[in-house]
Amino acid sequence: MALVYLDYAATTPLDPEVQQAMREVEGIFGNPNSIHRFGQEARRVLEGARERIASLLGVRPREVVFTASGSEADALALLGVALAKGKGHVVSTDVEHSAVLGALRLLERLGFAVTRLRPDRFGLVYPEQVEEALRPDTILVSVMAANNELGTLYPIREMAEIAHAHGALFHTDAVQAVGQVPFRVDEVGADLVSLSAHKFYGPKGIGALLVRQGVDLFPLVPGKQEGGRRGGTQSPVLAQGMAVALEKALRLLPEESARLLALRRRLEEGLLAVEGVELNGHPERRLPKLVNVTVKGADGEALLLAMDLMGVAVSSGSACSAGSLEPSHVLLAIGRSPREARASLRFSLGRYTTEAEVDRAVEVFREAVARARA
C-alpha cells in the first residue's frame, strides 16, 4: 500500500539538497565561539548561514538569533521583551500557537496584564481589534502571520503599524508563513519574528528569532552566545541546513504556491462534496497548502485512525493527549462545539504532494467518514 503524507504543516521532510549541504560541513566540529582555527572555521559556517538568512528575510545579520525551535523563539520573544520591561500589558489572540499561549499564561502569573483577541468565524483577527485593545501601558502585541490549524492569514503589517503608533513592539509567529507565502521583515515591519527550519524542508532542532536592532531582550538561557540574547553552543551544521532550505523554499515559492493552490482546490472540492463536511478557516485568505474540515456526526478519533490505517497521514484539528482527543482551542475559538472540534481534520500539502495523492486522500476520506459514522 502506497502511503500518502498530507501533514506538511506538522513537519516537512528534509530536502536532499539541504541534507547534502549539511554533510559538506558536518566534519567542521569546532565550537564557533573558540578562537583557534577549529573554532574559527565553525564560526565561518555559522556566520555565513546567518548572513544568508538575514539577506533573504530583510534583516541585518546581527538581528538573527538562532534558537532550537520556533517554540523557543516564541517564548524568547514574549518573555524576553516582558522581562526586559519589567511590567506592562500584552495583546495577543485566542488562536495563537500553544507556545505563545503558554508564554502568555506565564506572564499573567508574573503579574503582567494580557488581552486575548477573539477571532471571527474564519479565524481572522482585525487591526481594529488590536487598536481597541491597546492601553497606555501596552508593551507588546503578538499576532501570528498564518494560523497553524486553519491556515488563515492575518493582516500583520497593519497591526504592526498600529502597535508602533502607540509605542508598543510587535511580534509575529511566522513559523507557518516563512517559505510558504511572500514574507520579508522589512516589508512587514515587525520587531520580532519567529521561524523554524523544519517547516520549510530544513532540519529539526533549529529555529530563529529575528530581533530588530534596539529591542531589549532578557535572555531565557543566559550566556554570551547570540549577542548575549541566547546562551548555548550553536550548531553550524544545522544553521547551514536552515539557510540552504530557506534559499530553496523562496526560490521555488512562486511556482510552488500556484501548484499547491491548484491541489488545495482539488482537495477541497473532493472533501466538501461529502455530506456534512464543512470548511474551517477563511475560504480565500489562507495558506495555499492547508485545508481544515469538520465532519458533522463523525467520531474524530475513529476518523483519524481509519485514514491512517488506509495509508493517509493527516492530523486532527485538535491536540492528542494521553490517548484522548482534546478539543482544539482554535476551533473552539471560531465557534465550533467540543464535539465538532474533535471531529475535525487538517490536511496540509507540500512539495512532494501529487494529484494522484490528493485523489487517493479524498477516496480514503470518503470511506473513513462512512466508517466513523457507522
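This is a short walk through two sheets, the helices on them, and a few single residues.

One caution before I start. This is a predicted model.

Let's take the seven-stranded sheet. It is open, and its pairing is mixed. The strand order is β2-β8-β7-β6-β5-β3-β4. Which strands stand at the edges? They are β2, residues 64-67, and β4, residues 113-117. Each has a single partner strand, so one side of each lacks a neighbour in the sheet. From one strand to the next, the twist averages 20 degrees.

Now look at β3, residues 89-93. On one side, β3 pairs with β5, residues 138-142. That pairing is parallel, over three bridges. Two facing pairs help you find the register. His89 sits opposite Thr138 in β5. Val91 sits opposite Val141, again in β5.

β3 also pairs with β4. Those two strands run parallel, joined by five bridges. Here His89 has Ala113 of β4 as its bridge partner. So much for the pairing. The connection goes through helix α4, residues 98-109. Together, β3, α4 and β4 form a right-handed β-α-β unit.

How many of the five residues of β3 are buried? Five of the five are. Look at the two faces of the strand. His89, Val91 and Thr93 point one way. Val90 and Ser92 point the other way. Both sets are buried.

Back to the β5 side, and to a helix. Helix α6, residues 156-165, packs on this sheet. α6 touches β5 and β6, the latter being residues 169-173. The direction of α6 makes about 155 degrees with that of β6.

Between β5 and α6 there is a loop, and Asn148 lies in that loop. Is Asn148 buried or exposed? Asn148 is buried, because its relative accessible area is 14%, and the cut-off for buried is under 20%. What does Asn148 touch, leaving aside neighbours within four places in sequence? The contacts are Ala9, His97, Gln176, Leu290 and Arg346. Keep Leu290 in mind. It comes back.

On to the four-stranded sheet. This one is open too, with antiparallel pairing. The order is β9-β10-β15-β12. β9, residues 277-280, and β12, residues 315-316, are the edge strands. Each pairs on one side only.

Take the β9 edge. β9 and β10, residues 290-295, run antiparallel and share four bridges. Leu279 faces Val293 of β10.

Helices pack here as well. Helix α9, residues 300-309, packs on the sheet and touches β10, β12 and β15. β15 is residues 344-348, and the direction of α9 makes about 35 degrees with it. Helix α12, residues 355-373, lies across β9, β10 and β15. Relative to β10, α12 runs at about 25 degrees.

Stay with α9 for a moment. Gly300, Leu303, Ala306 and Met307 are buried in this helix. Why are they on the same side of α9? They cover an arc of only 130 degrees around the axis, so they share a side. The general point is that an α-helix has 3.6 residues a turn, so residues three or four places apart point the same way.

Both ends of α9 deserve a look. At the N-terminal end, Asp299 is the cap. A side-chain oxygen of Asp299 lies 3.2 Å from the backbone nitrogen of Glu301. After α9 comes Gly311, with a positive phi near 90 degrees.

Next, Arg286. This residue is in the loop between β9 and β10. Arg286 is buried, because its relative accessible area is 3%. And here is Leu290 again. Its backbone oxygen lies 2.7 Å from a polar side-chain atom of Arg286. Leaving aside neighbours within four places in sequence, the contacts of Arg286 include Leu150, Gly151, Thr152 and Leu153. Arg264, Glu268, Leu279 and Val291 are also among them. Recall that Leu279 is the residue opposite Val293 in β10.

Last stop, Gly48. Gly48 is in helix α2, residues 37-57. Its relative accessible area is 24%, so Gly48 counts as partly exposed. How far apart are Gly48 and Thr11? In sequence, 37 residues. In space, 25 Å, C-alpha to C-alpha.

That is the tour. Questions, please.

Note on methods: Residues numbered from 1 in each chain as written. Predicted model: local features only at pLDDT ≥ 70, side-chain atom pairs only at ≥ 80, totals over all residues. Heavy atoms only, no water. Pairing = 2+ DSSP bridges. Axes fitted to C-alpha atoms, helices over the stretch in contact; angles between N-to-C directions. Contact = heavy atoms within 4.5 Å. Buried < 20%, exposed > 50% of the residue type's maximum accessible area, 1.4 Å probe, protein only. Right-handed = clockwise from strand over helix to strand, strands pointing away. Polar contact = N/O pair within 3.5 Å; in protein donor to acceptor, adjacent residues only side chain to side chain. Arc of directions from axis to C-beta.
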